[in-house]
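Subject: Structure handover

Hello,

Here is the structure I promised to pass on. Please open it first, then read the notes underneath.

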Amino acid sequence: MVLLTGGLFLVSGYFFLNLFFIPKKLIPQIEASLTSILKRPADIRSIYLTPKGSIIILKPALYNPNETGAFFSCSSINISIAYGILLKSWRENKNYFDIPVHLKLNGISLNQNPVSITGEIAADFCLKINTQDIKNFDWQGEAKIKNFSLTHIPLIGDIKDITGTVKISRDEISSSDIRGQTNNAPVNLSLRLVDFSMPELKLKIELSKLLVTLDCIIDPKGSINFKTIEAKYNKIKSFACGKITDLQSSPHINITSNTILNLQDLAALPLNIKDTFTLLNSKGDVRITVDLAGPLQNTSELNAKATISSEAVSLLNYNFENLTFNLKLDAGKIATADLVFNWMQNTIKAWADCDLTSNAWPYALKIILNDLRIEDLQSLTPKSMDIEGELDIDLTVKGEASNLKSVNIELENVLKNLKYQGLSFPDPIKTSFMIDVLDFKNLILKKVSVANKLLSLDLDGKITNLIFPNLSLNGKLTLAAENLYLYPAFKLPPRLTLQGTVLAGFKLTGPVKAPDKLTCDFQAASSSFNIGEFSLTDIILKGAFSDNALNISSFLVKIFDGNMLGNGRINLAEPDKTTYKLNLELKDLDISKIARQIKSAPQELAGRFSSTLNMSGQGLNLDTLNFAGNLKSKLAQAKVKGTPIDKAGLEADLKYERQKIAWTNLCIGYKDITIYSEGSISALLENPLVELSLKSTINLADIENLPFSFDFDFKQLNPQGALDLTLGANGPLKSPEELQITASLLADKFSIKDILFTDTDIAAKLHNKLLETKAKSTAYSGQLSAELNATLLNKTCTYDGTFRIEKLDFGKLIEESKIVPQPHKGIFSLDTTFAGEGAALDKLTGNARAQIIDARLSGLELLQSIGTLTGIGFLSNFNVTKGNGTYVLGNGLVSTEDTELSGPDANIQARGNVDFKQNLNMNMKLILTPNAAQQTRPEVL
């Protein structure tokens, strides 16, 4: 019964403790005590005893309601005491207890934003208690930590797999083998905490080659005095000292630090942002001094001063010298008083701010730079470029310091006095950027704008992998062509004006390092565009860039009520050897509108004009361009002054090289007239030099149908036969006096007014204002020849020449040509020299000698009149054995003093003159032979 009663008592006591006493009495007291000591609310779900005598505390927690401090929680705390050993110790030493304790903390979690700690601790230690002096107790033992992790540590990231052993005694807590892993680098930690009345903590952390030591004294009243904080890594050295006071209620910091940073070593540190320093390719030494003071729990009241200086640093291969960066922290926000450094022989100033009151640490950086010389940037490019100019920069960089891999950039710059490969851009170019930089590898182009008086360009899209850029861009381009005159380097032809606006859109994708994989779809349009006096409307251009080639799928423009169409391909695989193949077509252009536009063209011309040009070549610059092509043109429904023009067309092979255009097989056809030509024009942009030859066989009967006007009735001439024409020109077009022109006409037979000419050869040469002409022909057994020398291109034209007829059978000429109705016969010769000025006949002078033999003059009006008056009948058919005369030309008259016709019946002598209106002023003498005198009326004699 006693045993039963005792057992019931023990069971009842066990349940009383677990169900009533511990929850209602002990737990509130423990919570209140912890809250008072730690200034943090304590929360314990339950405490109970196990049958083996272990104490288990479930889910104890310490937290701050405002979540500005630390939050501690644990899934359970298990405290085990060996009661048998405890009882034996009491029996042997009455007043002393040796209490072995096993303590295990499961599911530990400690959060101090942004850092969190999780893991487990198992500790074994022995308490030695003197019951006569309860305050005099001792303990010693060790604690093993395992599965610990520290996450979100600034600059470092996470430390995982932390294990180790901590030795515990009344005098110190120490450890030398706590180990972990971060960023694939080992972490070793050793610590020693001594003098618990005024604890001094010595901590040593090895993070790969980074060594951090801490020596501080912890005041039980709630302050930490940092005797030294030191970090070393190769050439990186940092020292700090100071204190944190009032830890339990309102922690306040006061720290001073000095740091020497080797930027190249930063990229090798096992830090969370080492990739950033690797991408920046940072080099150089930087000195940093910092003074920090203020409450830790209220960063809006933190104050700090910092100075960063360096003689020379390098970021992204850019060199910066004499860097001074003064930093001030006021009310939790960082604002730079000044940032000054030298870059590319320019002094740059910058301002920045950062809000530390936010967990993200948002910042903004402003940089302003004026008159940066573009030629100084040549060293930054892999290939030297012929470029000059000045650049003004206004740069804003925004982001969050907690995420250095995401940066927003706003940039506005003005490029002045730009010259590129001799091409001058006097008008300033204004550029603005709104870009997001991700991981220092990718760019998001929210808005990019480039503009000046000539053009404006807007871009958006992405550029990924900046080391080997890959593009995905959308763009819009506006070109104001009338402002091309601002750029004389474009070498627009004189008097050529451009007017109109071109709008273009494109999408560009692909890798920059592999141009053959770049693709760009584009479309350009203009509602109205004027080139000189030519007006173009409804212009549409579509195409794509791919495989290093520009493919023009379609080009369409309306001009002169017709259409201009085209397509082609330009291969840009080798920039210095750009090749292309183009096809152009003019379709149904209104010739009358073309004629009105080209004032030198016949204004009575009407009809429709069509042409095709197929060409292929190499190069884009006029100095290096060369191409070959074929041109075909035709007229349809064409008329001149209402006269239809049939079968008119042109075909030629063209070639251009080094400012020289040449043509071969040029063929101009009109009915049965075909003109062939070959030649060239060189130095097109400087002083054009022409060199051409032209050949044609002209059927004289077709001339009257040519679209030219004549001052006489061409049909009366009744031209028949064919002429072989050759024409040559050589010399500068801008200096006609230096132009040399040669021409020749050859004909086996041709006739004018039924006068037949054979073996005709006419040659002309124009050079240095002098025209030299020689001609010869055969007509009716006679030889005709002439020479003409004329001075042209002056205000007044002067000329001189000769004209000869040798033994012309003029009787046969009259008989076959029927020039006059009366029959004549005889052989005629003439030798003439002449000179004159302009078109004035009164200034025409000359001399001539004429001869006629074996002639019969029938029906001459003058001789018939004399015969009627004298009754001499044979004068109507006067036979001339020989006739001679010399003549002088001057003052608008042809004068003679020795003209004489001799025949078997009479001799006629003439003295006097005749003007160009055929008014005679002659003295005639008729001498009859005796035989002829007998036939004359006596009264006349």
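In which loop is P251 found? P251 sits in the loop between β16 (236-245) and β17 (252-262). Keep in mind that this is a predicted model.

**P251**

Is P251 buried or exposed? P251 has a relative accessible area of 9%. The limit for buried is under 20%, so P251 counts as buried. S223 is 28 residues from P251 along the chain. The C-alpha atoms of P251 and S223 are 8.1 Å apart.

**The β2 and β3 hairpin**

Go next to strand β2, residues 46-49. In a regular strand the side chains alternate between the two faces of the sheet. β2 shows this alternation. I47 and L49 point to one face and are buried. S46 and Y48 point to the other face and are not buried.

The partner of β2 is strand β3, residues 55-58. They pair in the antiparallel sense, over four bridges. Y48 has I56 of β3 as its bridge partner. Five residues lie between the two strands of this hairpin. There, G53 takes a positive phi near 95°.

**Salt bridges**

How many salt bridges does the count come to? The count comes to 13. Side chains of opposite charge can pair when their charged atoms come close. Here are some of them.

- E230 and K232 meet through their side chains, at 2.9 Å from N to O. K232 is partly exposed, with a relative accessible area of 38%.
- D394 and K366 form a salt bridge, with their closest N and O atoms 2.9 Å apart. This pair links distant parts of the chain. D394 lies in strand β24 (residues 387-400) and K366 in strand β23 (residues 362-373), 28 residues apart. D394 is partly exposed, at 26% relative accessible area. K366 also counts as partly exposed, at 30% relative accessibility.
- D436 and K446 meet in a salt bridge at 3.6 Å, N to O. D436 is in strand β27 (residues 429-438) and K446 is in strand β28 (residues 442-451). They are ten residues apart, and the pair links distant parts of the chain. D436 is partly exposed at 22% relative accessibility. K446 is partly exposed at 42%.

There is also a network of salt bridges that links E200, D215 and K227.

**Nonpolar cores**

The largest nonpolar core has 83 residues. Which residues have the most contacts inside it? They are F226, V286, I393 and L445. The largest share of this core comes from β24, with five residues.

Take L445 as an example. Leaving out residues up to four places away in sequence, L445 touches M434, I435, D460, G461, I463 and L473.

A second, separate core has 32 residues. L808, I814, I872 and A932 are included in that core.

**Helix α7**

I814 is also one of the buried residues of helix α7, residues 810-817. The others are F810, G811, L813 and S817. Why do the buried residues count as being on the same side of α7? They cover an arc of only 160° around the axis, so they lie on the same side. An α-helix has 3.6 residues a turn, so residues three or four places apart point the same way.

What covers the buried residues of α7? The cover includes β46 (755-767), β49 (798-809), β50 (825-837) and β51 (845-858). K818 follows α7 and has a positive phi, near 55°.

**Aromatic pairs**

The count of aromatic pairs comes to two. A pair of aromatic rings is described by the distance of the centres and the angle of the planes.

F750 and F757 have ring centres 5.2 Å apart and planes at 20°. The limit for stacked is under 30 degrees, so this pair is stacked. F750 and F757 are both buried.

Y799 and F834 have ring centres 6.5 Å apart. Their planes are at 55°, so the pair is tilted. The pair links distant parts of the chain, with Y799 in strand β49 and F834 in strand β50, 35 residues apart. F834 is partly exposed, at 23% relative accessibility.

Over to you.

Best wishes

Methods
Residues are numbered from 1 along each chain as its sequence is written. This is a predicted model: local features need pLDDT of at least 70, side-chain atom pairs count only at pLDDT 80 or more; totals for chains, interfaces and linings use all residues. Side-chain values use heavy atoms; hydrogens and water are left out. Buried means under 20% relative accessible area, exposed over 50%, partly exposed in between (1.4 Å probe, protein chains only). Two strands pair if DSSP finds at least two bridges between them. The arc is that of the directions from the helix axis to the C-beta atoms. Contact means heavy atoms within 4.5 Å. A salt bridge is a side-chain nitrogen of Lys or Arg within 4 Å of a carboxyl oxygen of Asp or Glu. A nonpolar core is a set of buried Ala, Val, Leu, Ile, Met, Phe, Trp, Tyr and Cys residues joined through side-chain atoms within 4.5 Å. Rings of Phe, Tyr and Trp (its six-membered ring) pair if their centres lie within 6.5 Å; planes under 30 degrees apart count as stacked, over 60 as edge-to-face and the rest as tilted.
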